[in-house]
Amino acid sequence: MTASNRNYIFIYDGNHQILKINTQTKQAGFIDCEASFGLGLTCTENDLFMVTNGKLVVINIDDNLVIKTVLFDKITDAVI
């Protein structure tokens, strides 16, 4: 899975990490994530969104910290 914005490209490696590439400086690093598998990855200029393990995880792009986790079973009664 990949996502990108004006300054970054994000690639989920399928093994608990997201590769973060700064397109301006050409520097790269990893964001550790608790995901054992990912279903979706997208971003805005400030936040990275990942759908995984029955939840939506929002990660701040600047400091790589999880700023919000929303469990799908708290939103709907449907089996996801």
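Colleague: Hi! Which residue in β3 is the bridge partner of isoleucine 11?

Modeller: In β3 that partner is leucine 19. Strands (E, at least two residues) and helices (H or I, at least four) are DSSP runs, numbered from the N terminus. A word on the source: this is a predicted model, where local features need pLDDT of at least 70 and side-chain atom pairs count only at pLDDT 80 or more, while totals for chains, interfaces and linings use all residues. Residues are numbered from 1 along each chain as its sequence is written, and side-chain values use heavy atoms, with hydrogens and water left out.

Colleague: Thanks. How many bridges hold β2 and β3 together, and in which sense do they pair?

Modeller: Five bridges, in the antiparallel sense; two strands pair if DSSP finds at least two bridges between them. β2 and β3 form a hairpin with four residues between them, and glycine 14 in the turn has a positive phi of about 75 degrees.

Colleague: Which residue in the loop between β2 and β3 has a positive phi without being a glycine?

Modeller: Histidine 16, with a positive phi of about 70 degrees. Histidine 16 lies in the loop between β2 and β3 (17–22), and its relative accessible area of 36% makes it partly exposed. For the cut-offs, buried is under 20% relative accessible area, exposed is over 50%, and partly exposed is in between (1.4 Å probe, protein chains only).

Colleague: Back to β2. Which of its side chains point to the buried face?

Modeller: Tyr8, Phe10 and Tyr12 point to one face and are buried, whereas Ile9 and Ile11 point to the other and are not. That fits the general pattern: in a regular strand, side chains alternate between the two faces of the sheet.

Colleague: And what lies over the face of tyrosine 8?

Modeller: Lysine 20, at 4.9 Å from the ring centre. A charge sits over a ring if NZ of Lys or CZ of Arg is within 6 Å of the ring centre and within 35 degrees of the ring normal.

Colleague: What does β2 do with β1?

Modeller: β1 and β2 pair in the antiparallel sense over three bridges, and they form a hairpin with three residues between them. Alanine 3 has phenylalanine 10 as its bridge partner in β2.

Colleague: New topic: how many salt bridges does a search of the whole structure find?

Modeller: One, with a salt bridge being a side-chain nitrogen of Lys or Arg within 4 Å of a carboxyl oxygen of Asp or Glu. The side chains of arginine 6 and glutamate 45 meet in it, at 3.8 Å from N to O. The pair links distant parts of the chain, 39 residues apart: arginine 6 is in the loop between β1 (2–4) and β2 (8–12), and glutamate 45 is in the loop between β5 (40–43) and β6 (47–52).

Colleague: Are those two residues buried or exposed?

Modeller: Arginine 6 counts as exposed because its relative accessibility is 61%. Glutamate 45, at 35%, counts as partly exposed.

Colleague: How do β5, β6 and β7 go together?

Modeller: β5 and β6 run antiparallel, joined by four bridges, in a hairpin with three residues between them. Six bridges then join β6 to strand β7 (residues 55–60), again antiparallel. You can follow leucine 48 across: this residue in β6 is the bridge partner of cysteine 43, and in β7 the partner of leucine 48 is isoleucine 59. The hairpin of β6 and β7 has two residues between the strands, and asparagine 53 takes a positive phi near 45 degrees there.

Colleague: You mentioned cysteine 43. Why is there no disulfide between it and cysteine 33?

Modeller: The sulfur of cysteine 33 is 15 Å from the closest cysteine sulfur, in cysteine 43, so the two are too far apart for a bond. A disulfide is a pair of cysteine sulfur atoms within 2.5 Å, and the search of the whole structure finds zero. Cysteine 33 counts as buried at 13% relative accessibility, and cysteine 43 counts as buried at 14%.

Colleague: Last one: which residues is valine 66 in contact with, leaving aside neighbours within four places in sequence?

Modeller: Val57, Val58 and Ile59, where contact means heavy atoms within 4.5 Å. Valine 66 lies in strand β8 (residues 66–71) and counts as partly exposed, at 47% relative accessibility. Valine 66 and cysteine 33 are 33 residues apart in sequence and 8.8 Å apart in space, C-alpha to C-alpha.
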